[in-house]
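Work through the exercises below with the sequence and the model side by side. Each task is followed by its solution.

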Amino acid sequence: MDIAVIGTGYVGLVTGTCFAETGNMVTCVDIDEQKVKKLSSGKVTIYEPGLEKIFERNEKEGRLKFTTSLQEGIKDAKIIFLALPTPPDGDGSADLKYVLRVAKDLGGLLERGDYKIIIDKSTVPVGTADRVNNTILQSLIERNIDNPQDLFDVVSNPEFLREGVAVEDFMKPNRVIIGTDSEKAKKILGELYAPFVRQGNPVIFMDERSAELTKYAANSFLATKISFMNEIAQLCERFGADVDMVRRGMGSDERIGKRFLFPGIGYGGSCFPKDVQALAKSAKQAGYDFKILEAVMEVNENQKKHLLPKIFSFFNNDLKGKKIALWGLAFKPNTDDIREAPSLKLIKELAAAGASIVAYDPEAMINVKEEIGDMITYAENQYEALKDADALVIATEWSEFRTPDFLKIKSLLKKPVIFDGRNLFELYQMEEHGFYYESVGRRSIK
Ligand code: NAD
């Protein structure tokens with residue numbers, strides 16, 4: 001099938017590449033000229049495990065093309081995916097200006113006798129498929145096109161991939177949600193997704209509104225799990241319990257499940273924060289006060305600061321002239337994405353208190369440099385960051401941080417002090433090595 005993907009960010013690039021991988025002809029469109037230039041020259045623009053290999057193969061075989069022209073991009077496409085940003089606007093609602101702009105442009109381009117399916121892959125509030133449909137319809141009516149609704153269908157097909165395992169998630173999704181009443185669209189999309197669900201995972205057809213809400217409900221539920229566990233961790237610290245034990249005990253109940261119960265220094269990224277906020281906002285607009293979500297957000301904001309009092313107390317509230325080594329900048333491992341990363345909050349607070357920060361992250365340093373420049377120093381590797389530092393702070397659970405050379409850490413730090421926002425190490429290890437160690441929801445080692 002001929003496919004166009006509009007927006008070539010984390011979702012668009014993975015979507016386009018993975019559809020090319022199953023034999024489709026894909027053209028990706030982006031307004032960012034630099035991005036399109038880089039992609040056209042065979043270079044991937046994001047770090048995502050496994051992406052580069054299939055990107056190179058499909059580009060070489062002519063199944064994956066890039067352009068800045070919407071007209072050229074959709075020319076041959078039967079299916080058009082919108083993978084555009086939906087950032088929070090001033091009041092926390094999802095800003096639909098990118099999506100509606102492209103919808104309007106599409107209305108100016110669709111032609112009689114050339115039916116196309118237009119698919120919202122972006123995370124968008126309930127009712128957006130109708131708005132996209134009406135925007136396109138309006139443009140077609142202005143162009144005096146007869147029976148304009150026959151030219152297209154708008155479908156909601158929210159994306160559930162996780163950064164860091166995006167290719168795997170896309171190639172073998174737990175489920176595919178397709179929101180549409182159009183039998184024609186259902187048939188075509190069912191065929192498009194068939195190779196991805198061969199193992200039997202479901203393609204669930206529903207109406208557009210339910211599909212749109214499903215995405216927000218899923219992300220908000222996951223964020224709730226995290227905030228819930230972070231509050232349990234708070235209790236553990238106060239009651240002298242160990243959150244690792246509580247987590248294992250709880251998670252072995254099949255109704256709860258083992259996954260997504262890890263406490264830490266809060267969720268970040270480009271999805272959970274904005275999606276929870278947007279759902280709470282849409283609920284309010286619909287006259288409903290979604291109390292749980294308000295609490296989820298408040299807990300998360302506080303949790304991002306969880307390590308700070310521990311750090312301040314260790315240094316007797318005086319961080320001036322102290323050097324802090326920071327492991328991890330990305331909002332989670334295996335990505336270079338730093339949007340809403342808890343590390344950035346830590347950096348700001350520690351720098352404001354007069355500390356200097358030397359950070360290391362395997363993939364995210366370039367993005368952080370672009371955002372905050374020389375506010376911090378960047379190390380070549382995780383050990384270089386430790387040289388003469390007064391403490392190590394851990395903000396992201398990259399695998400390579402999990403089993404480090406503890407003797408080396410001790411020899412490089414001025415004093416063996418670790419503040420671990422991701423509970424990477426066992427308490428007994430820290431005791432054996434003689435570290436001062438603070439983590440989340442577990443006793444301090446002093
Ligand atoms: P992104 O910011 O990485 O990418 C968006 C791309 O769209 C950018 O490259 C931008 O240049 C391009 N763009 C903007 N206006 C355009 C236009 N008029 N024409 C063509 N391109 C244009 O965003 P993302 O992380 O890929 O997210 C896209 C959507 O998918 C969002 O709604 C997000 O909530 C949702 N989503 C994201 C993830 C994720 O893990 N990142 C997962 C599931 C769903």
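**Exercise 1.** Find what Lys 274 touches and decide whether Lys 274 is buried or exposed.

Solution. Leaving out residues up to four places away in sequence, Lys 274 touches Pro 87 and Pro 88; contact means C-beta atoms, placed from the backbone, within 7 Å. The model is predicted: local features need pLDDT of at least 70, side-chain atom pairs count only at pLDDT 80 or more, and totals for chains, interfaces and linings use all residues. Numbering starts from 1 along each chain as its sequence is written. Next, place Lys 274 in helix H11 (residues 272-285), a DSSP run of H or I with at least four residues, numbered from the N terminus. Lys 274 has 22 other C-beta atoms within 10 Å and is therefore buried (20 or more is buried, 12 or fewer exposed, in between partly exposed).

**Exercise 2.** Do the same for Glu 163.

Solution. Glu 163 sits in the loop between strand E6 (152-156) and helix H7 (166-171); a strand is a DSSP run of E with at least two residues. Because 25 C-beta neighbours lie inside 10 Å, Glu 163 counts as buried. Beyond four places in sequence, Glu 163 touches Tyr 10, Glu 48, Gly 269, Thr 335 and Asp 337.

**Exercise 3.** Which positions does UniProt give as "binding site"?

Solution. The unreviewed UniProt entry lists Asp 30, Lys 35, Thr 86, Thr 123, Glu 163, Lys 274 and Arg 339; such annotations may be inferred rather than shown by experiment. These positions spread over 310 residues of sequence and, in space, up to 24.1 Å between C-alpha atoms.

Methods. Two residues are in contact if their C-beta atoms, placed from the backbone, lie within 7 Å.
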